[in-house]
Amino acid sequence: MLKMRKIHPTRSLLIWPSLPIDIYFRSNSDWKPFPLDQDNCRLYSLARHAICNSCHALGLKSGDIILVPAYHHGSEVEALIEAGLQIRYYEVKENLEPDPEELQSLMSSGVRALYIIHYLGFPQDAAYWRQWCDDREIMLVEDAAQAFLATHNGKPVGSFGHMGLFCLYKTYGLPDGGAVIANVPLAPPSGQPKSGVWRAFKRHINWIASRRSELGIIHIMLKPIQTKLNRSWNRLNKRTHIEFEVGDASSPPSSMTRYLLPKILDEQTAHRRRENYRFLLRHLGDMVPPPFAFLPEGASPFAFPLEVVEPREFLARLRLRGVNGLLFWINPHPSLPVADFPRSKSLREGVLALPVHQELTLENLLQIVDAVKEARASSTVQVVSAG
Ligand SMILES: Cc1ncc(COP(=O)(O)O)c(C=O)c1O
């Protein structure tokens with residue numbers, strides 16, 4: 001049980017990038033990173049909407065089989081199922097790559113595509129998987145939801161596959177925004193945009209709360225209440241897997257996202273994320289799970305992962321110090337036979353993710369390091385040593 005209950009006035013830090021309040025005075029950036037520089041790039045409200053719509057354009061039909069990692073978020077799986085595809089799961093290796101032998105054993109005449117995920121913005125060897133798919137005349141879908149701005153051997157991730165997907169709002173403090181690129185023409189979303197003003201406002205609040213402890217403390221106290229209210233509301237409405245729901249797949253990005261995106265794009269973003277990641281790695285490296293213990297040149301880290309024995313308790317302790325982490329993918333998609341994929345299961349149960357985004361200040365990074373060290377020093381929280 002967590003005994004330390006006292007919350008100290010502190011800045012509040014979230015995984016999600018915050019939205020600087022001076023953004024409205026910035027001019028539009030000339031820089032258009034991949035896939036935004038491509039004529040065939042389409043923007044949706046969420047990446048799951050892009051998946052739903054683009055599978056058909058790619059020629060994937062109802063009943064076609066797609067090989068999907070057991071270690072996944074769940075919303076991408078839901079979107080693939082909604083597009084009519086059959087999911088055949090594969091386990092990830094220790095380095096989170098697929099095992100070619102296992103994939104080969106899963107091949108049958110109905111298999112039409114391989115789905116790979118660039119976990120936490122760390123690039124997979126997508127060139128190798130593209131060749132692997134070409135050799136078997138199937139398609140490669142690259143999920144770069146967490147890897148916008150990442151590169152592999154100097155080429156943007158998402159550009160190797162027949163289709164690549166990105167979440168813009170995971171890299172920048174935008175209200176929403178999912179991008180897709182494919183090697184076939186894609187139709188634009190047909191729905192009406194939402195305003196996105198409320199979400200943009202919340203991201204501004206997060207930005208202030210990460211700099212001002214007066215607001216940070218209110219933020220820290222209100223967050224659990226908001227989470228509980230949301231949970232009760234969802235239970236009342238019998239929405240058990242709300243985080244996977246696809247919603248209206250024809251939704252375009254909000255008007256605020258369209259307005260803010262050209263202002264917030266910055267060539268230094270991936271570099272800053274890597275610098276923050278390196279800083280945390282220097283101080284907390286022995287707690288990082290092996291696949292993320294070395295930062296590749298082209299990574300654009302989405303979050304900083306730690307492996308601990310009691311992630312819930314660890315997170316609760318961090319929260320008291322203003323660091324709001326995530327239980328990283330604790331719930332798989334309900335279609336996954338969890339016990340058949342032990343490595344994915346143990347990753348889900350032991351990995352939590354901390355902020356590493358480009359809006360963090362040096363003080364914020366030091367706050368994260370101190371909070372982790374303090375939680376670690378507590379007698380009840382054990383750490384899985386990477387060494
Ligand atoms: C790996 C991965 N793919 C796809 C998605 C879906 O993204 P969105 O929430 O924009 O639909 C997510 C969301 O977290 C994800 O983590």
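Me: What makes the approach of Ala-47 to the ligand a polar contact?

Reply: In this predicted model, a backbone N or O atom of Ala-47 is 2.8 Å from a ligand oxygen atom. The cut-off for a pair of N or O atoms is 3.5 Å, so the pair counts as a polar contact.

Me: How do you know that the side chain of Tyr-169 makes a polar contact with the ligand?

Reply: The distance between an N or O atom in the Tyr-169 side chain and an oxygen atom of the ligand is 2.7 Å. That value is within 3.5 Å, so this pair is a polar contact. Lys-170 also takes part: one of its polar side-chain atoms lies 2.8 Å from a ligand oxygen atom.

Me: How much of the ligand does the protein cover?

Reply: On its own the ligand has 390 Å² of accessible area, and the protein covers 96% of that.

Me: Which residues come nearest to the ligand, and which elements give two or more residues to the shell?

Reply: There are 14 residues around the ligand, and those that come nearest are Ala-47, Arg-48, Asp-143, Tyr-169 and Lys-170. Helix H1 (47-57) and helix H2 (75-82) are the elements that give two or more residues to the shell. Sorted by class, the shell holds 7 nonpolar, 3 polar and 4 charged residues.

Me: Why is His-162 called buried?

Reply: The relative accessible area of His-162 is 10%. Buried means under 20%, so His-162 falls in that class. His-162 sits in the loop between strand E8 (155-156) and strand E9 (163-167).

Me: What makes the pair His-162 and Arg-130 a polar contact?

Reply: Their side chains are 3.3 Å apart at the polar contact. This is within the limit of 3.5 Å, so the pair qualifies. Leaving out residues up to four places away in sequence, His-162 also touches others, including Leu-58, Asp-134, Ile-138 and Ile-181.

Me: Which residues of helix H10 are buried, and what do they pack against?

Reply: Helix H10 (residues 342-350) has Ser-344, Leu-347, Arg-348 and Gly-350 as its buried residues. The buried residues of H10 pack against strand E11 (304-307), helix H9 (311-320) and strand E14 (351-354).

Me: How is the protein divided, and how many residues of each domain take part in the contact?

Reply: Domain 1 consists of 13-20 + 197-243 + 267-377, and domain 2 of 42-182. Their C-alpha centres are 23 Å apart. The contact takes 39 residues from domain 1 and 38 residues from domain 2.

Note on methods:
Residues numbered from 1 in each chain as written. Predicted model: local features only at pLDDT ≥ 70, side-chain atom pairs only at ≥ 80, totals over all residues. Heavy atoms only, no water. Buried < 20%, exposed > 50% of the residue type's maximum accessible area, 1.4 Å probe, protein only. Helix = DSSP H or I, 4+ residues; strand = E, 2+ residues; numbered from the N terminus. Contact = heavy atoms within 4.5 Å. Near = heavy atom within 4 Å. Polar contact = N/O pair within 3.5 Å; in protein donor to acceptor, adjacent residues only side chain to side chain. Areas by Shrake-Rupley, 256 points an atom, 1.4 Å probe, with all protein chains shown as cover. Nonpolar A, V, L, I, M, F, W, Y, C, P; charged D, E, K, R; others polar. Domains from an automatic or database assignment.
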